[in-house]
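Subject: Structure handover

Hello,

Here is the structure I promised you. Please open it and keep it in view while you read my notes.

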Amino acid sequence: MAGPRNILLVGFMASGKTEAGRALARLTGWPLVDTDAEIVSRAGRTIHQIFQEEGEPVFRALEAKVVQELCAGSGQIISAGGGAFVDPDNRARILAGGLVFCLSARPETIHRRI
């Protein structure tokens, strides 16, 4: 039986996607790719700057492109930004991209982390 093409982590910000992704990357030997970090790398600006200078629609378009490209690949741990899974097209790509885990945390834990 073949394993998943990718392992994808979704959930609200500060729900533990990065830490879980690092642990999975160590266990599998697969690289961890964070969609938000990929957007920052490609845009040459922080997410805050993208929102401030061009608005949320531009950020979401960049996010959709990154999600599409990453989900088409294989052998990766993909940590999707907190809002990525809300978009129906992104959600469909993520669900088709491999084994998906939705992480959650108690509100007080999220508050402490951010």
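Which cysteine sulfur is closest to the sulfur of C102, and why is there no bond between them? The closest one belongs to C71, and at 15 Å it is too far for a bond. Keep in mind that this is a predicted model.

**Cysteines**

Seen from C71, the answer is C102, again at 15 Å and too far for a bond. A disulfide would need the two sulfur atoms within 2.5 Å. The disulfide count is therefore zero by this rule. The two residues also sit in opposite settings. C71 counts as buried, because its relative accessibility is 4%. C102 counts as exposed, because its relative accessibility is 62%.

**The sheet**

Now look at the strands. Four of them form an open sheet. Their order is β2-β3-β1-β4, and the pairing is parallel. β2 (32–34) and β4 (99–103) stand at the edges. Each has a single partner strand, so one side of each is left without a neighbour in the sheet. On average, neighbouring strands are turned by 20° against each other, direction ignored.

Next, follow β1, which covers residues 7–11. Five bridges join β1 to β4, and the two strands run parallel. Find V10 on your screen. Opposite V10 stands C102, in β4.

**Helix α2**

Helix α2 spans residues 35–43. It lies across β2 and β3 (77–79), and runs at about 65° to β2. At the start of α2, a side-chain oxygen of D34 comes to within 2.9 Å of the backbone nitrogen of D36. After α2 comes G44, with a positive phi near 70°.

Two residues of this part deserve a click. T35 is found in α2. T35 counts as buried, because its relative accessibility is 1%. Leaving out residues up to four places away in sequence, T35 touches V66, V67, L70, I78, S79, A80 and G81. The other residue is I39. With that same exclusion, I39 touches I50, F59, L62, E63 and V66.

**The core**

I39 also belongs to the largest nonpolar core, which has 14 residues. The members that touch the most others are L8, I39, V67, L70, C71, A80 and I94. So you meet C71 again here. Two elements, β1 and α4 (56–72), give two or more residues to this core. α4 gives the most, with five residues.

**N6**

Last, find N6, in the segment before β1. Is N6 buried or exposed? N6 is buried, because its relative accessible area is 0%. Its contacts, not counting residues up to four places away in sequence, include W30, L70, C71, G73, S74, G75, Q76 and I78. G97, G98 and L99 are also among them. Take W30 as one case. N6 and W30 are 24 residues apart in sequence, yet their C-alpha atoms are 8.9 Å apart in space. For G75 there is a polar detail. A polar atom of the N6 side chain lies 3.3 Å from the backbone nitrogen of G75.

Start with the sheet, then work through the rest in any order.

Best wishes

Definitions and conventions:
Residues are numbered from 1 along each chain as its sequence is written. This is a predicted model: local features need pLDDT of at least 70, side-chain atom pairs count only at pLDDT 80 or more; totals for chains, interfaces and linings use all residues. Side-chain values use heavy atoms; hydrogens and water are left out. Two strands pair if DSSP finds at least two bridges between them. Helices (H or I, at least four residues) and strands (E, at least two) are DSSP runs, numbered from the N terminus. Axes are lines fitted to C-alpha atoms, for helices over the stretch in contact, and angles run from 0 to 180 degrees between N-to-C directions. Contact means heavy atoms within 4.5 Å. A nonpolar core is a set of buried Ala, Val, Leu, Ile, Met, Phe, Trp, Tyr and Cys residues joined through side-chain atoms within 4.5 Å. Buried means under 20% relative accessible area, exposed over 50%, partly exposed in between (1.4 Å probe, protein chains only). A polar contact is a pair of N or O atoms within 3.5 Å; within protein, one must be able to donate a hydrogen and the other to accept it, and residues adjacent in sequence count only if both atoms are side-chain atoms.
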